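Take a moment to look over the sequence and the model. The text below then leads you through them, part by part.

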Amino acid sequence: MATEHLSPLDLAFWRIESAAHPMHLGALAVFEATPRDTPGTGTGTGTGADAGPDPAVRAAALLTARCAAVPGLRRRIHDVLLPIGAAAWSPDADFDPARHVFLVRTPDPRAAAGPLMARPLDRGRPPWEAHVLAGPDAGSFAVLFKFHHALADGLGALALAAMLFDEGATIRGPARPVPAARPAAGSALRSLPGMLAARVQDVGQALEIGASVARAGLPLGVPAALTAVPAQTGTRVVAGLALDLDDVNRIRKVAGGTVNDVLIAMVAGALRRWLLGRGDPEPEGPGPRALIPVSRRRPGGAAYGNRLSGYLLRLPIAEPDPLLRLDRVRLGMDRNKEAGPARGAGAVALLADHVHPLGHRLGGPLVAQAARLLFDILVTSVPLPGFTFSLGGSRVREVYPLAPLARGHSLAVAVSTYKGTVHYGLVADAAAVPDLTALAEALRAELDELVREVS
């Protein structure tokens with residue numbers, strides 16, 4: 001069997017990780033409360049013997065049984081001799097679901113998600129975990145999924161997690177990557193001019209992206225609240241907010257732009273409200289640089305790995321008018337889309353393809369340190385399917401995506417839409433942002449004001 005090496009971008013995510021800045025994605029799925037004496041479902045396909053009267057216990061048993069049937073969740077990462085500095089995937093011969101699925105009793109499942117997000121995944125095992133968080137109310141529980149960014153991006157992680165829900169049997173499994181066939185020597189010779197031309201084009205693209213990064217400049221007037229504390233505590237706090245998607249669509253129809261434009265503009269407005277509420281001075285300048293990841297994943301492609309580029313956008317937090325903020329976000333996003341996801345400073349992830357594996361291994365810590373020079377805040381969107389997820393018959397009510405926190409940053413924002421509701425997931429350094437719930441409420445206030453403006 002051919003060795004399956006990590007792609008350059010996957011390898012970059014693996015190498016830049018540190019204990020204080022783990023590089024895993026998360027998703028907190030909150031389930032509808034169900035009576036504890038409700039009959040359960042089986043652990044394999046959703047039918048059969050009851051796994052226990054407690055929905056949280058039943059959920060943990062289902063996840064434990066089902067994860068072993070998902071090939072992508074039984075693979076671990078290991079270093080290889082050649083190419084020097086590279087890493088590859090291999091089956092975990094000692095795979096034990098009990099090392100990946102945990103049942104946690106907690107008085108507040110959402111509060112428990114923060115410390116769990118701060119804990120790095122075990123790099124010697126398949127890089128994922130699922131924590132079933134059983135709350136104090138009868139039948140209430142949540143599940144925190146953690147997937148290392150080297151394993152999958154947001155859409156890939158969703159595809160892997162979907163296989164663990166009751167609906168997994170009806171969802172087509174992730175496609176296994178197929179090693180590319182080696183061309184014959186003659187065909188390689190005939191294609192040499194084309195290969196050289198493609199290589200020159202790749203180098204030209206890399207230089208263009210590098211120049212765009214340089215033009216983006218160093219941070220200008222970035223609020224102190226968006227930079228992590230010097231001690232790099234590694235602590236995390238999580239907050240979530242659910243909003244009505246109909247309100248967002250009402251704003252979009254009147255003010256123009258896309259749903260994503262409105263969601264990003266809401267982040268800009270909420271940051272402004274939150275900073276002023278903390279006693280910060282009136283914001284000035286072009287605003288913090290938001291990295292907006294863009295998926296390059298093709299429908300039906302492999303769920304594993306990262307297929308990402310990105311846009312770089314200045315958040316207009318100095319603009320006091322909410323509709324003008326939205327207009328500036330829309331114009332900025334339109335310019336990004338016109339240039340495309342393979343151009344501009346936001347496409348910096350594509351530069352990973354031009355770095356030798358040894359460069360990722362030796363330069364990982366330096367790249368991690370440079371994150372603050374590239375962008376100031378991550379704002380990412382993860383689209384969810386239209387159907388309802390369930391686990392052991394318990395239906396998912398809310399889904400809060402959670403993004404990793406880069407070194408030098410104190411806040412990351414992720415957003416998804418599920419069953420007519422917008423879910424914002426906020427992750428912050430607990431020491432730098434002790435008032436994260438105030439930012440969540442600022443998002444609600446920003447939506448309310450935008451609705452009033454378009455009514």
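What follows starts with the whole chain and then turns to single places in it.

This is a predicted model, where local features need pLDDT of at least 70, side-chain atom pairs count only at pLDDT 80 or more, and totals for chains, interfaces and linings use all residues. Residues are numbered from 1 along each chain as its sequence is written, and side-chain values use heavy atoms, with hydrogens and water left out.

Begin with the overall picture. The protein chain has eleven helices and 15 strands. Helices (H or I, at least four residues) and strands (E, at least two) are DSSP runs, numbered from the N terminus. Of the 455 residues in the chain, 51% are buried. Buried means under 20% relative accessible area, exposed means over 50%, and partly exposed lies in between (1.4 Å probe, protein chains only). The accessible surface of the chain is about 19700 Å². Carbon and sulfur atoms hold 59% of that surface. Accessible areas come from the Shrake-Rupley method with a 1.4 Å probe; for residues, only the protein chains shown count as cover. Now take the contacts with a separation of 6 or more: 75% of them are between residues 24 or more positions apart. Contact means heavy atoms within 4.5 Å.

Next comes a sheet. Three strands form an open sheet in the order β1-β4-β3, with antiparallel pairing. Its edge strands are β1 (4-5) and β3 (75-79), each of which pairs on one side only. Two strands pair if DSSP finds at least two bridges between them. β1 and β4 (residues 87-91) run antiparallel and are joined by two bridges. His5 stands opposite Ala88 in β4. Strands of a sheet pair through backbone hydrogen bonds, either parallel or antiparallel.

Stay with the loop between β3 and β4. Pro83 lies there, and so does Ile84. A cis peptide bond joins Leu82 and Pro83, with omega at about -10°. Most residues other than glycine have a negative phi, and most peptide bonds are trans. Leu81, Leu82 and Ile84 form a nonpolar patch on the surface. Together they have about 380 Å² of accessible area. Patches are made of residues with over 30% relative accessible area and no salt bridge; like charges are joined within 9 Å, and nonpolar side chains (Val, Leu, Ile, Met, Phe, Trp, Tyr) within 5 Å. Ile84 is partly exposed, at 49% relative accessibility.

Now move to α8 and the loop after it. α8 (259-277) is followed by a loop that leads to β9 (289-295). The helix has 19 residues and reaches 27 Å from its first C-alpha to its last. That is close to the 27 Å expected at 1.5 Å a residue. The expected span of a helix is 1.5 Å times one less than its number of residues. Because 14 of its 19 residues are buried, α8 is largely enclosed by the rest of the structure. Just after α8, Gly279 takes a positive phi of about 95°. Asp280 sits in the loop between α8 and β9. Asp280 is partly exposed, at 25% relative accessible area. The C-alpha atoms of Asp280 and Ala225 are 9.1 Å apart, while the residues are 55 apart along the chain.

Charged pairs come next. The whole structure holds 21 salt bridges. A salt bridge is a side-chain nitrogen of Lys or Arg within 4 Å of a carboxyl oxygen of Asp or Glu. One of them joins Glu398 to Arg110, with the closest N and O atoms 2.5 Å apart. Glu398 lies in strand β13 (residues 394-402) and Arg110 in helix α3 (residues 109-118), so the pair ties together parts 288 residues apart in sequence. Glu398 is buried at 12%, whereas Arg110 is partly exposed at 32%.

Another salt bridge pairs Arg325 with Glu446, the closest N and O atoms being 2.7 Å apart. Arg325 lies in helix α9 (residues 322-339) and Glu446 in helix α11 (residues 436-454), so this pair ties together parts 121 residues apart in sequence. Arg325 is buried, with a relative accessible area of 2%. Glu446 is buried too, at 1%. Salt bridges that share partners join Arg273, Arg325, Glu446 and Glu449 into one network.

End at Lys419. This residue lies in the loop between β14 (411-418) and β15 (421-429). Its phi is near 55°, a positive value in a residue other than glycine. Lys419 is partly exposed, at 46% relative accessibility.
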